[in-house]
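Have the sequence and the 3D view open side by side. The tour below starts at a metal site and works outward.

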Amino acid sequence: MTIQIDPVRRNLKFHLPADKVTNWNPAGVHVTQFYNTLSIFFPAGERFFIQSVRNYRDKISDPHLKKQISAFIGQEGFHTREHEDYNEALVEAGLPVKGMDNLVVRLLNRVQKRPKALQLATTVALEHLTAILGDTVLCDPDLLKGCDPHFAAIWKWHAIEETEHKAVCFDAYEEVFGSGLKAYSMRVFAFIVANFIFFSLFYPFYARMVQKSGGLFNIRGWLTSLNFQFGKPGVLRRIIPAWFDFFRPSFHPWMHDNRQYLAQAEALVEEVAGFQNEQAGQAA
Ligand SMILES: [Fe+2]
Ligand SMILES: [Fe+2]
């Protein structure tokens, strides 16, 4: 029996302090811009995910899965909205985010001209990537220590919800296409292509973001980033085994049981409610 988790829509507003967008993480500008670069991909990416699942909504007969799909759409919708605000703060800071977002939009528009099955497989593939990235954030409480609390909260919220809904698209995909060789080949093909494209956009974007904030020739900053990604904590090093698990014919997102992190959601909601009160206090 696979684990069943019902995603919860949390309509949270983070009121990110725009003036801190390039220095919210005490690990320095290279680490801050690593997260910021990820944020650039979310609005276009998550709209694409929503659409690709919507295309198959009528083909899903399991009422429980239907509900999970609605909640998935709700969560991704809120993520899009909050990351749009985040990215707006990046624009205000003079970062060339609009051009990068346009590139992602154009690319995903092209994918939307491909068969709908492939679009859903791409979503399943990228949802695995977001799930394991979410896990890498949640498994290490030190990662966001000392960060601006608003930015720490948005990343934690996103990581929690990516964990909560990590199996929704996968289950929808299996309900429609089964788990035979054809379905397996398509999801694995989509995973390889999507990862290749994602990382070949991510690193040039990241370098440009760092350059714009004056850190391109800062060797120490790059070493910190290298360590952050592949050393200690090694946010990308840590995801490698789970990344490869996607190639198992018997793969299911809940084969990585990390639901213990979902217990943090309640405290987080309370913390974010505090931001709203803070904001109201400032406005008064
Ligand atoms: Fe998301
Ligand atoms: Fe997601």
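Start with the sequence pattern. The residues that donate to the iron ion (ligand 1) are spaced E-x29-E-x2-H-x78-H-x3-E. Keep in mind that this is a predicted model.

Now put names to the pattern. Glu 46 (OE), Glu 76 (OE), His 79 (ND1), His 158 (NE2) and Glu 162 (OE) are the protein donors of the iron ion (ligand 1). They lie 1.8 to 2.3 Å from that ion. Two of them link distant parts of the chain: Glu 46 sits in helix α1, and Glu 76 sits in helix α2 (residues 63–92), 30 residues apart.

Spacing matters in helices. Residues three or four places apart point the same way, because an α-helix has 3.6 residues a turn.

Which residue coordinates both the iron ion (ligand 1) and the iron ion (ligand 2)? Glu 76 does, and the two ions are 3.8 Å apart. Is Glu 76 buried or exposed? Its relative accessibility is 0%, so Glu 76 counts as buried. Glu 46 also has 0% relative accessibility, so Glu 46 counts as buried.

Follow Glu 46 into its helix, α1. Of the 26 residues of α1, 22 are buried, so the helix is largely enclosed by the rest of the structure. Helix α1 covers residues 29–54 and should span 38 Å at 1.5 Å a residue. Its end C-alpha atoms are 38 Å apart, which agrees. Yet α1 bends by about 40° at Phe 42. A proline, Pro 43, follows within four residues.

Finish at residues 188–206. An unreviewed UniProt entry lists them as "transmembrane region". In the model this stretch is 100% helix and 0% strand. Its end C-alpha atoms are 26 Å apart.

Technical notes. Residues are numbered from 1 along each chain as its sequence is written. Chains are lettered from A and ligands numbered from 1 in the order in which they are written. This is a predicted model: local features need pLDDT of at least 70, side-chain atom pairs count only at pLDDT 80 or more; totals for chains, interfaces and linings use all residues. Side-chain values use heavy atoms; hydrogens and water are left out. Helices (H or I, at least four residues) and strands (E, at least two) are DSSP runs, numbered from the N terminus. The expected span of a helix is 1.5 Å times one less than its number of residues. The bend at a residue is the angle between axes fitted to the seven residues ending there and the seven starting there. Buried means under 20% relative accessible area, exposed over 50%, partly exposed in between (1.4 Å probe, protein chains only). UniProt positions are given in the numbering used here, feature names are shortened, and annotations may be inferred rather than shown by experiment. Donors are N, O and S atoms within 2.8 Å of the metal (3.2 Å for Na, K and Ca); water is not among the atoms, so sites may look incomplete.
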